Structures are given as C-alpha cells and as structure tokens.
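This report goes through selected helices, single residues and backbone features of one protein model. The sequence and coordinates come first.

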Amino acid sequence: MEGIFAPIATIFDEAGDLDLESFCDNVRKFNETKLSGLVVLGSNGEFPLLSYREKMALVKSAKETLDRDKLLIAGTGCESLRETIMLSNESADIGVDAILVVTPSYYKSDMTDEALERYFTTIADGCKVPVMLYNMPRNTGINMGPSLVARLAKHPNIIGIKDSSGNISQIAEIIAKCPNDFAVFAGSGSFLLPTLMLGGVGGTLAVANVLPDYCAAIHDLYKEGDLDKARKLQLGLLELNAAVTTRYGIGGMKAAMEIVGFHGGSPRLPILPASGAVKEEISKIIVDALKVFSEVCGS
C-alpha cells in the first residue's frame, strides 16, 4: 500500500441524487492516470451526507469500474461501532482492498485514547480486510497522537494511517514509533514531499482529484532520488492545494475538477457550490500549476 490515492468526489445530479454514470466516468478517467488507487467515501466524497444505501452503491460502482491494477479503499467510519463494522465488511465482500476509518467525533469528551484504542482494535478484530486509521482533527476536533497510533500499529490488521493534521512533527513521531511496515500517508498535498522524506509511503490527497499525474510525479521523482524536481513540484502545488481544501472546500474542489475535464457538479446541501469569481480564480491557479508541471516534467 503506497503511492498517490485520490479521495474521489461523489457526483450528484441536479435533483441532488447520486449520478452514478458521471461518477463511473470519472473512475474510468482515473484509470488512465498514474494514481495507485482511489478512496471512495472519503471526506471529499461527502461521506457524512450519504445514506447507507448510497454508500454501498458507490463502493459497488467504483469496484466494478476501477482497473484491477489499482487499489480501492473505502471510507467506512461511522459514529456507531456496529455500523462501521457492518459497512466495512459489506465493502470487503464487494472487493475493496482496505478500509479507512475516521475517528467518531460527536461525543468528543468521551473519545479518550482508551476509547479510541478499543474502538479501532474492535474494528480491526472484526473486519475482513486491512484497516487504515484516518486522523482528521480539522473536521472531527479529535487528534490521534503518536503514542495512540503506535499502540494501534501493533495490531496485525491495522496497516497504516492517513494523517491530515498538517503537523509534520507529529507525522515524524508516528513514523519513528511505528513498525517499518506501517504505511503513513500524507493527508494533504501541502506536505506530501516532507512526509515522503520522513519515511511516509504516499498521500491521499484532495488535489489528486484535479491534477492526479502532477501529484503522482512528486512521489515518483522522490522515489527516483530527484529531490530538486520533486521540491519544485511540491512548491508549485501549494496554491492549488489550498484552493481546493481549506480556502474553498468541497465546492472549490468540484469546480476545479470541472475545469480540468472531470465531472464535478454541485456538492450536496448544506455545502454550497463555488461562485463564479472563485471558479475564475481557481482556473488561473490551475494554469500556474500546470506551467510548473510542464517546466519540471517537460509535458
């Protein structure tokens, strides 16, 4: 489990229902990229806004459409332990390669390290496929610290973590404390190269929905030992990464996808789509990023 994964967007029609045809069309386009695989039902897939039936439909459609040489990870974290295990094993039966489980967060004061350790180990004990932890404190308000992650990494069915904290010191400590075969993924394009240089194995990046081969090139250049080119690409990605994450959110990411030829459409309410002015700004940022990519990679 390594490389660059796109946490793919869920596509809705004008009525706000799933548009599986457009969703699968995006998956087919991702098949032609250098991505290692896809994450369905991630934060960028608007998973908290989906029903259980919609989640299963998306997992099934992604699995049927994704090329066999690419990996499929399903985000199955729910507030309920039982529902998480149920969704995880139904996804496993469909054929996903691993599950990605975010911390439950509604009862924040009860989510102690002891509670989270029991939650994740119980999931790992009962899940048919490997488990990846998902640390997303900006959305959940809960941070999984290095000591907790290190304890969980000892479980034979917990194989890695997507850390979206943005705390590079924490990521370094996780890598230092966990076994060598525990896969640490950057959760944002803004710190992909630093994570790789510390011993991480890849990234699960919102911006990979927009420029998948650009993101994959950073990973590949690092693996090849060309740190100068990898650094130039990393710096050239920062503005676009910010635009499709913290600055303009899901609406901005979907607008960017439309600009580069993917289906994006509108988010599901209460998330709002990007404005016309935002779309113009993002379009200029994409042009600048592609210019950097052309200068570095010659294409």
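What follows describes a predicted model, beginning with its helices and ending with its backbone.

## Helices α1 and α3

Helix α1 covers residues 20-31, which makes twelve residues. From its first C-alpha to its last, α1 reaches 16 Å, close to the 16 Å expected at 1.5 Å a residue. Its buried residues are Ser 22, Phe 23, Cys 24, Asn 26, Val 27, Phe 30 and Asn 31. These buried residues pack against two strands, β1 (3-7) and β2 (37-40), and against the helices α2, α9 (212-224) and α11.

Helix α3 covers residues 81-94 and has 14 residues. The distance from its first C-alpha to its last is 20 Å, close to the 20 Å expected at 1.5 Å a residue. Thr 84, Leu 87, Ser 88, Asn 89, Ser 91 and Ala 92 are the buried residues of α3. Their packing partners are the helices α2 (52-65) and α4 (113-126) and the strands β3 (71-75) and β4 (98-102). Helix α2 thus appears among the partners of α1 and also among those of α3.

Both ends of α3 have a local feature. At the start, a side-chain oxygen of Ser 80 comes to within 3.2 Å of the backbone nitrogen of Arg 82. At the other end, α3 is followed by Gly 95, whose phi is positive, near 125°.

## Two residues of helix α2

Ser 61 and Thr 65 give a view of how α2 meets α1. Ser 61 lies in α2 and is buried, with a relative accessible area of 9%. Leaving aside residues up to four places away in sequence, Ser 61 touches Leu 20, Phe 23 and Cys 24.

Thr 65 is also found in α2. Its relative accessibility is 15%, and because buried means under 20%, Thr 65 counts as buried. The backbone oxygen of Ser 61 lies 2.7 Å from a polar atom of the Thr 65 side chain. With residues up to four places away in sequence left out, Thr 65 touches Cys 24, Val 27, Arg 28 and Asn 31. Cys 24 is therefore touched by Ser 61 and by Thr 65, and Cys 24 is itself one of the buried residues of α1.

## The α10 and α11 pair

Two packed helices are described by the angle between their axes and the distance between the axes. The axes of α10 (residues 227-247) and α11 (residues 249-260) come within 6 Å and cross at roughly 140°. The two helices are therefore oblique to each other. On the α10 side the contact involves Ala 243, Val 244, Thr 245 and Arg 247, which meet Gly 249, Gly 252, Met 253 and Ala 256 of α11. The residues of this contact divide into four nonpolar, three polar and one charged.

## Residues in α6 and α8

Leu 148 belongs to helix α6 (residues 146-152). At 1% relative accessibility, Leu 148 counts as buried. Beyond residues up to four places away in sequence, Leu 148 touches Asp 113, Leu 116 and Glu 117. Leu 148 and Asp 113 are 35 residues apart in sequence, and their C-alpha atoms are 6.4 Å apart.

Met 197 has its place in helix α8 (residues 192-198). At 47% relative accessibility, Met 197 counts as partly exposed. Its contacts, not counting residues up to four places away in sequence, are Tyr 222 and Leu 227. Met 197 and Val 292 are 95 residues apart in sequence and 21 Å apart in space, C-alpha to C-alpha.

## Backbone exceptions

Most residues other than glycine have a negative phi, and most peptide bonds are trans. Two residues with positive phi are listed here.

| Residue | Phi | Location | Relative accessibility |
|---|---|---|---|
| Leu 41 | near 70° | loop between β2 and α2 | 2%, buried |
| Glu 46 | about 60° | loop between β2 and α2 | 2%, buried |

Neither Leu 41 nor Glu 46 is a glycine. The peptide bond from Leu 269 to Pro 270 is cis, with omega near 15°. Pro 270 is found in the loop between α11 and α12 (276-297).

Methods. Residues numbered from 1 in each chain as written. Predicted model: local features only at pLDDT ≥ 70, side-chain atom pairs only at ≥ 80, totals over all residues. Heavy atoms only, no water. Helix = DSSP H or I, 4+ residues; strand = E, 2+ residues; numbered from the N terminus. Expected span 1.5 Å × (residues − 1). Buried < 20%, exposed > 50% of the residue type's maximum accessible area, 1.4 Å probe, protein only. Contact = heavy atoms within 4.5 Å. Polar contact = N/O pair within 3.5 Å; in protein donor to acceptor, adjacent residues only side chain to side chain. Axes fitted to C-alpha atoms, helices over the stretch in contact; angles between N-to-C directions. Parallel < 35°, antiparallel > 145°, perpendicular 65-115°, else oblique. Nonpolar A, V, L, I, M, F, W, Y, C, P; charged D, E, K, R; others polar.
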